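Student: Let's go through the pockets and one helix packing in this one. Can you put up the model?

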Amino acid sequence: MSLVNAAHGRSEHTSAVHPTGESEAGGRRGLREVIGAYAALAKPRVIELLLVTTIPAMFLAGREFPSPWLVLATLVGGTMAAGSANALNCVIDADIDKVMNRTKRRPLVRDSVPRRNALIFGVVLGLASFGLLYLTVNLLAAILAVVTILFYIVVYTLLLKRRTPQNVVWGGAAGCMPVVIGWAAVTGTVEWPAFVMFGVIFFWTPPHTWALAMRYREDYERAGVPMLPVVATPKHVAKQIVVYSWVMVGWTLLLVPATSWLYTAFAVLTGAWFLFYAHRLYAAVARGEKTKPMSLFHRSNTYLMIVFVALAVDAAIGLPVIGLPF
């Protein structure tokens, strides 16, 4: 392929032209596009939750800075497991993604990755995540990662997503597993604080997802996915968001015996902050006003980040633990 630089009055020149007629620059662009397409299959923005929750869980498990190598191995293995689940989800939900504006630019919809290749990519990532976690962390963490993949694909994607408005309530349990994996990576066991952190994310998921679904209700309706905002009135959805938000904030306080006053203060203050906006959304919906549910969606991300960063800082500083009252 010839390159013409008319602006500089140069005639065409052949700069590193391959026998196929594609320049090195074009080849690099093609390679970047392929890498980008496979990376998009893994849904890197979704995997951010892994980073936000796994590291604080590892800090809390030991009440100190965990080994950097252990953290790195756990994050890489966990990222691969999440990428595997997300890629396989893209394969199964390709028909849904085609009709939703929010997902119509995903790789399988745009045919930038063959369906068979995406399936192989997802399976290989899952096997690699098990191998890496088993060899560098421990067997329990590796098994939990595989369980997470299977739960997300079988229970959420295949069984719940297209059948019930409770899909994100129970299917969202897969997104709660990074904290359990992080705890297991440090201790080799799963103890009660890990289950409490699991519960925090479990009750956080419905308000977070339903706020998004309120904004993209027509998308889900067109795709035939019975998200709660599709099958219920906006007032009912907003009420459920408030209910789950209260349970979530209350659940964060169950970690008080394993932390100090620092985490407790942040859990109470940020909880009150999030509840204010959840109630404000409900009040606006009840009055029939135009609402912006995505603002609550974004605030839910901020809320979860603050709570788990507070956990990490609390553990790293090593302040006296409040403990149980008996």
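Student: Which helix gives the largest share of the lining of the largest pocket?

Tutor: This is a predicted model, where local features need pLDDT of at least 70, side-chain atom pairs count only at pLDDT 80 or more, and totals for chains, interfaces and linings use all residues. Residues are numbered from 1 along each chain as its sequence is written, and side-chain values use heavy atoms, with hydrogens and water left out. Eight lining residues come from one helix (a DSSP run of H or I, at least four residues, numbered from the N terminus), and that is helix 2.

Student: How much space lies in the largest pocket?

Tutor: A pocket here is an open set of points on a 1 Å grid over the protein atoms alone, where a 1.4 Å probe fits, with protein on both sides within 12 Å along at least five of seven lines; lining residues have an atom within 4 Å of a point. The largest pocket has 49 of them, with Lys43, Arg45, Val46, Ile47 and His208 nearest its centre. Volume is the space filled by probe spheres set on the points, joined across faces, edges and corners, and it comes to about 1600 Å³.

Student: And what is the volume of the second largest pocket?

Tutor: That pocket is lined by 13 residues, and Arg280, Leu281, Ala284, Lys292 and Ser295 lie nearest its centre. Helix 13 (261-286) and helix 14 each give two or more residues to the lining. Its volume is about 190 Å³.
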